[in-house]
Amino acid sequence: MPDLKDLAAEIDRCSQCNFCLAACPVYREDRLESSGARGRINLVKAALLDQTLPVSGRVRELIDRCLLCTNCVQTCPASIRVDDIVAAARANLPNRNPAERMLLRRLLDRRAVSGVVGSLLKGLNLFNLPSLANPPLQQRLPAAVRPDGPVSARVAYFVGCGVNYLYPDTGEALVKVFSANGVEVVIPAGQQCCGLPALARGDKEMAREAVRANAALFAPLDVDAVVTDCTSCGYMLKVQVTALLPPDDPALPAAQAVAGRIVEATEFLAALGLQRQPRTQAVTVTYHVPCHRHWSAALADAPPKIAALVPGARFVPLREPRRCCGAGGAFFLSHRELSASIRGPKIEDIVATGAQVVLTQCPACRYFLQEGLGTESGVRVMHPLAFLAGGC
Ligand code: SF4
Ligand code: SF4
């Protein structure tokens, strides 16, 4: 993510056409021009670059009320990097929540997280989250898992924070399904957060640290791909990393090499094909497409393909599979009401399909959709690979 002043030309590329307006989940809720991408970047320019508008509490609030979902970027004919502009604007606004920064630092280090994170989560009102995996997934996985039979591919597995701390079942399913289908999985020790949460808060230096550490770990590996089961980690590792590091950064070649090999895990397996017949699951399945999907053209096609391979499974598409669920990474934690109202139509859409299983590749979407559906609904939200593994 460049500095805001370096994004001035990017802001000026906006033709003010407003094609992006209807794609913005915040605008769809509050119908305010300032919530859409055009309004938002005009506001950033006036308040923080031209300084023709005072940086009032309302200006801060509007800059904060963006999920960084990239739906505007994906709709914009000029692909204006609205998420980068908003994140850079946040970096220009001091007094970020110090407890959040401390939590991000712990996630980045992945050291002593279980010990201190409880109090930090309480301070941030995160107590509704699932209990933390103890020990975290990465500490439980071996350095490599080889299939019993012939090896058709070898991948390195990037373990995202959502799966590492909250949903280890997804990572366990990945290892199980990949090795059952002839794929060796290498899990390098010492992985850090992908850096996207730090970037979203405008903390570029912290994000760079994470990128450099992960690039050093993954670049030397002799693998066919680096897979991730989180679409937001994938967006960070494939797209954001190279723009984040300065051109003269010694870690840039390694980061670029890793970025070139990042593949979403469901997509990797769907392209490779299954060697082993999945077990029968007589359920109705649907699929919520995470917002951070635009880094791979095939990412959103893979889960329906995988569901079609499971005997007994009946796939019913959502009416609006790409509509935002309102989670926005950690956005829902600080904007509960807004996120819940964005989620409302998505929940109605899911319920109308009659599905008992909702597939999605984003841990934040999974948590927030499951919370909205409730456990009493009997609907389970899970990663496509966990479904393939038999709902483990
Ligand atoms: S951000 Fe893109 S779609 Fe939106 S007004 Fe500007 S040019 Fe048009
Ligand atoms: S990133 Fe998402 S929430 Fe932010 S302006 Fe774009 S569409 Fe709206």
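## Surroundings of the two ligands

Fifteen residues surround ligand 2, and of these 15 the nearest are Cys 24, Cys 66, Cys 69, Asn 71 and Cys 72; a residue is near a molecule if its C-beta atom, placed from the backbone, lies within 6 Å of it. The model is predicted: local features need pLDDT of at least 70 and side-chain atom pairs count only at pLDDT 80 or more, while totals for chains, interfaces and linings use all residues. Residues are numbered from 1 along each chain as its sequence is written, and chains are lettered from A and ligands numbered from 1 in the order in which they are written.

At least two residues of the shell around ligand 2 come from each of α2 (25-30), α3 (37-49), α5 (71-75) and α6 (82-91). Helices are DSSP runs (H or I, at least four residues), numbered from the N terminus. The shell around ligand 2 comprises eleven nonpolar, two polar and two charged residues. Here Ala, Val, Leu, Ile, Met, Phe, Trp, Tyr, Cys and Pro count as nonpolar, Asp, Glu, Lys and Arg as charged, and the others, Gly among them, as polar.

Around ligand 1 there are 14 residues, of which Cys 14, Cys 17, Cys 20, Arg 38 and Cys 76 come nearest. The shell around ligand 1 has ten nonpolar, three polar and one charged residues.

## Backbone features in loops

Ser 79 lies in the loop between α5 and α6 and, although not a glycine, has a positive phi of about 50 degrees. Ser 79 counts as partly exposed because it has 14 C-beta neighbours inside 10 Å; 20 or more would make a residue buried, 12 or fewer exposed. The C-alpha atoms of Ser 79 and Cys 14 are 9.2 Å apart, across 65 residues of sequence.

Gln 51, in the loop between α3 and α4 (57-64), also is a non-glycine residue with positive phi, near 55 degrees. Its 10 C-beta neighbours inside 10 Å class Gln 51 as exposed. In the loop between α8 (113-123) and α9 (137-140) lies Pro 135, and the peptide bond from Asn 134 to Pro 135 is cis, with omega near 5 degrees.

## Packing of α13 and α15

The axes of α13 (residues 204-218) and α15 (residues 252-259) come within 8 Å and cross at roughly 70 degrees; axes are lines fitted to C-alpha atoms over the stretch in contact, with angles from 0 to 180 degrees between N-to-C directions. The two helices, α13 and α15, are therefore roughly perpendicular, a term for angles of 65 to 115 degrees.

The contact is made by Val 211, Ala 215, Ala 216 and Phe 218 of α13 and Ala 254, Ala 255 and Val 258 of α15, with contact meaning C-beta atoms, placed from the backbone, within 7 Å. By class, this contact has seven nonpolar, no polar and no charged residues.

Terms used:
Angles under 35 degrees count as roughly parallel, over 145 as roughly antiparallel, 65 to 115 as roughly perpendicular and the rest as oblique. Two residues are in contact if their C-beta atoms, placed from the backbone, lie within 7 Å.
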